[in-house]
Amino acid sequence: MMEVAGPWTEVFEGSERNEKSGGAETLLGSSTLTLAPLIADSPSVRRSQPILITSNRVKGVESFSSSVPSIPNPFPELCSPSNSPVLINSLPPPSSDRNLIKVYGEDSHSRKVYVSRGATARDVCHMLVQRAHCSDQENWALLELHPTLGLERCLEDHEVVLDVQANWSLKGDTRFVFCKNYAKYEFFRKPMLFFPESMISDSADVSKGMTSSELIQNLLRSGTCPEIQGFLQVKESSRKAWKKVYFFLRRSGLYCSTKGSSKEPRHLQYVADLEDLNVYTVVNSRKLYGAPADFTFCIKPSRNPVRAQDLKILCAESEQIRTCWTSAFRLFKYGKQLQCNYQLSKSAPRSLEGSNLPDNKSKSEDSLVAMDFSGKAGGRVIQNPTEAQSAEREEGQAWRRREALRCSLPNLNSAARPPSIHKIQPWFHGGVSRKEAQRLIEKQGLVDGMFLIRESQQHAQCFVLSLCYKLKTKHYLVIPCEDGGRKYYTMDDGLTLFIDLLQLVEFHQINKGILPVCLKHPCVCVAL
């Protein structure tokens with residue numbers, strides 16, 4: 001047996017020595033064994049001591065994995081985004097140009113949607129109309145709602161949604177609400193209703209002999225607004241008191257008079273710049289701010305988060321006065337852009353006629369004409385308004401006779417239409433209060449013909465028809481009655497009988513009856 005001192009290695013004769021980068025030698029050759037001393041390269045490394053694994057090890061793994069040939073995917077259709085069963089709005093977009101926003105419906109449920117950086121309120125509404133499978137494409141709007149402060153405003157169609165959201169406080173409860181709004185451009189259709197002659201400033205040009213109606217229409221067509229003036233109640237800062245002040249709204253801004261209703265320059269005080277403010281409607285203003293009336297609105301800088309100390313709260317004497325001021329603020333701020341938005345809103349339904357919604361035709365009264373089919377030569381259009389009203393009364397009486405005959409037949413199947421059919425109609429709102437009904441109609445637009453039906457809270461088994469006419473909400477009691485052992489509903493002390501509420505609504509959508517205007521726009525609750 002031979003004793004060898006020091007480290008050693010096995011060397012095979014006839015082998016070739018290959019130098020490696022780590023200093024180790026790999027020897028291949030014959031089976032003859034010879035011992036040779038080995039000089040250690042790194043004396044600092046001791047046997048049985050742990051060696052630190054550096055990041056180079058990880059890089060080696062990466063290079064190794066990259067050298068492995070890729071395995072083909074046997075199910076490519078499951079990984080394709082276009083064929084993926086996962087909803088596309090539940091996945092993050094591939095591009096950073098898209099952002100996530102949350103939009104609420106009127107039933108307090110919300111939906112998250114991805115929008116592009118420059119998406120406008122019109123774009124978001126069109127997207128939600130398709131996602132929510134809405135039955136029509138018209139009069140949708142996006143509201144900016146501040147529940148704690150009781151503020152809400154309708155975004156203009158051209159406003160960029162992400163720019164509006166960027167001004168919100170991160171700790172607030174501000175939200176977007178998707179709903180109907182029929183009154184967004186109503187002042188273009190009925191300007192005299194929104195701009196009463198008494199509120200038009202005397203500085204208007206009357207030397208040309210134009211009437212106030214012609215002046216307002218010319219200004220609206222040019223994308224501007226007449227100067228507005230009048231008294232408003234203003235809430236004084238850091239106090240609960242309200243003060244009556246005379247205000248002037250001009251192109252250059254909002255002013256108030258320090259001496260009565262004087263318009264002399266030395267008595268005018270500058271209040272706000274129209275380019276840098278938004279106007280909001282105040283909900284529940286009596287409770288939140290102690291307002292003297294419910295017709296309250298406020299203005300605030302558009303670039304700052306909504307804070308109570310930045311609000312300038314104003315209160316009008318009537319809904320018409322409040323609507324006049326808020327409409328004038330919008331026209332002075334956006335000018336010709338509102339006129340363009342109005343024209344686009346009218347052309348949008350026509351561009352969608354080829355879609356899967358074939359019934360996008362307008363249902364307004366203006367598309368209906370009185371016809372006379374009594375002659376042998378065919379029908380003729382009744383041009384005389386008096387004759388048209390007479391034909392309407394005769395048709396209404398004939399309808400009553402037909403319905404009375406039909407309902408008196410013994411073989412009438414009473415189960416053909418269930419008595420509770422009104423509960424599934426979009427215009428029925430259950431047991432909401434009178435004040436809540438007015439708020440719902442106001443929220444969707446104070447336009448003539450906006451209506452809903454609710455259960456009466458004062459009269460058992462009765463209903464109430466709430467109808468908007470000339471910026472006011474009127475309420476009509478629908479009373480159940482019996483005739484010949486059958487149950488009917490009436491609004492005119494039994495002169496006209498209806499077998500259910502659905503028949504009552506269908507009749508008054510064509511005939512005014514005792515109402516000041518036909519039923520046009522049902523106040524609906526949108527669910528996302």
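**A twelve-stranded sheet and its helices**

In this predicted model, E144 has F176 as its bridge partner, the latter lying in β9. That pair belongs to a longer run of contacts between strands, in which β7, covering residues 140-146, and β9, covering residues 175-180, pair in the antiparallel sense over six bridges.

Two helices can be followed from here. Helix α11, made of residues 434-444, packs on the sheet and touches β7, β8 (151-154), β9 and β14 (277-282), while its direction makes about 90 degrees with that of β9. Helix α2, residues 121-131, lies across β5 (98-104), β6, β7 and β9, and it runs at about 130 degrees to β6. Both β7 and β9 are therefore touched by α11 and crossed by α2, where contact means heavy atoms within 4.5 Å.

The wider setting is an open sheet of twelve strands with mixed pairing, and reading across it gives the order β6-β5-β9-β7-β8-β14-β15-β16-β10-β11-β12-β13. At its edges are β6 (110-116) and β13 (268-272), each of which pairs on one side only, and from one strand to the next the twist averages 40 degrees.

A further helix to look at is α8, which takes in residues 319-334 and, with 16 residues, reaches 22 Å from its first C-alpha to its last, close to the 22 Å expected at 1.5 Å a residue. How much of this helix is covered? Helix α8 is mostly covered, since 14 of its 16 residues are buried, a term that here means under 20% relative accessible area. After α8 comes G335, whose phi is positive, near 55 degrees.

Definitions and conventions
Residues numbered from 1 in each chain as written. Predicted model: local features only at pLDDT ≥ 70, side-chain atom pairs only at ≥ 80, totals over all residues. Heavy atoms only, no water. Pairing = 2+ DSSP bridges. Helix = DSSP H or I, 4+ residues; strand = E, 2+ residues; numbered from the N terminus. Axes fitted to C-alpha atoms, helices over the stretch in contact; angles between N-to-C directions. Expected span 1.5 Å × (residues − 1). Buried < 20%, exposed > 50% of the residue type's maximum accessible area, 1.4 Å probe, protein only.
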